[in-house]
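Thanks, everyone. I will keep this short and go through one model. Please have a look at it first.

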Amino acid sequence: MTLTPLVYWAQRYEEIFLRVELTDAQNIDVHVHENILHFQAQSHGAKGQHLYDFTLEFLLPVKAQASEVAYQSTQRQVNISVKKEHCGWWERLTKQERKPPFLAPDFDCWLDESDAEMEIKEKEERKIRRKASRPDEKGSISLKTGFLFTYNLVQFLGFSWIFVNMTIRLLKFGLDSFYDTFHTISSVMFFCQILAAVEVLNAAFGLVRTSVTPNLIQLFGRNFVLFVIFGCLEEMQNKPVVFFVFYLWSAIEIFRYPFYMLGCFNTEWKILTWLRYSLWMPLYPLGALAEAVAVAQSIPIFDKTNLFSIPLPRALGTSLSFSNVLRVHLVLMFLGLFFNFRHLYKQRQRRFRVTKRKAH
């Protein structure tokens, strides 16, 4: 008795991927003739050994040579890849508009067109990094790689010092350490956050292939809190919120910068990659919440001191209070959080989608 297996499909610009759900498939025959893929295999199901087969007529021409049609059998499935005759994005898989009942999208491997473009860019970036990190005849590395590695190393050391110092003080002094965080940590935090402007410049000048906007949003948001809220108001410097802001910032960066350091030499540690693309999910919202609390606590102080307020003519009023700017900043802060959260979530999806495909 011949049966039809479940088939899942996905595509890239250059090839088609098919995943055939068969357990311990044997006597597998896969070939393409006149743009039609023929599949046949034996597999043991609930009712014993059966013969499974199906055919698919592709929407556009594919390469029919045996070297261009590859398959790999695992214990649970058969993975097939077919090269397209002409690179491009197909609107569907089959020539017939109505989808066969046994065919479905493979969402584990699925990318839309914009994500596929990002994947191509990432592949090109990895090739560039691999070429840049490859030693020349004298055994030296490129100037660009050396610069990026040094920058990330300095930032890692700076934020590690902050995190370790604050952790030790918390264990030693308990809650009392909350109230003098600014006076003991701020000098190093000022240095690290000023230096973070280099990340925006790296993206702007193409030293790293990433968008300028997320880096700029994070740099402005952090430095606004650090220099304007904490740096200009002595009343804010002894508040516990300083501890939470600094601690959450450093907790994020002590995993981010080592990941970038290894990336300079096209090296990856799986646990570090997972931490870099996962820890931000709880830490970024908590950091934004701590920043929002700091801004909210500073509003009454700015109202009282009239610091940074702009005097207006009597006909218009007394002055334009800086606290109004802070209220607007609070709204923009959460819009920026949403933008960066979405950006990081897409990065995480792409990273682990690629990892999952490699595992298959």
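What follows is a walk through the sheet, then two helices, then the cysteines.

A word of caution before the details: this is a predicted model.

I start with the sheet. Five strands make it up, and the sheet is open, with the order β7-β8-β3-β2-β9 and mixed pairing. At the edges stand β7, residues 69–73, and β9; each has a single partner strand, so one side of each lacks a neighbour in the sheet. From one strand to the next, the twist averages 25 degrees.

Now β2, which covers residues 7–11. Is β2 mostly covered or mostly open? Mostly covered: four of its five residues are buried. On one side, β2 runs antiparallel to β3, residues 15–20, and five bridges join the two. The connection from β2 to β3 is a hairpin through three residues. If you want a register mark there, Q11 stands opposite I16 in β3.

β2 also pairs with β9, residues 103–105, this time in the parallel sense, over three bridges. The register mark for that pair is W9, which stands opposite P105 in β9.

Going on from β3, we come to β8, residues 78–83. β3 and β8 run antiparallel and are joined by six bridges. Here V20 has V78 in β8 as its bridge partner.

Next, the helices. Take α7, residues 241–263. With 23 residues at 1.5 Å a residue, α7 should span 33 Å, and its end C-alpha atoms lie 34 Å apart, which agrees. There is a bend in α7 of about 25 degrees, at E253. How many of the 23 residues of α7 are buried? The count is 19, so the helix is largely enclosed by the rest of the structure.

In α5, residues 212–232, I would point to F220. Its relative accessible area is 55%, and because the cut-off for exposed is over 50%, F220 counts as exposed. F220 and A197 are 23 residues apart in sequence, and their C-alpha atoms are 9.3 Å apart in space.

Last, the cysteines. How many disulfides does the model have? The count comes to zero, taking sulfur atoms within 2.5 Å as the rule. As for burial, C87 is exposed, at 56% relative accessible area, whereas C109 counts as buried, at 9% relative accessibility.

That is what I had. I can go back to any of these places on the screen.

Key: Residues numbered from 1 in each chain as written. Predicted model: local features only at pLDDT ≥ 70, side-chain atom pairs only at ≥ 80, totals over all residues. Heavy atoms only, no water. Buried < 20%, exposed > 50% of the residue type's maximum accessible area, 1.4 Å probe, protein only. Pairing = 2+ DSSP bridges. Expected span 1.5 Å × (residues − 1). Bend = angle between axes of the 7 residues up to and from the residue. Axes fitted to C-alpha atoms, helices over the stretch in contact; angles between N-to-C directions.
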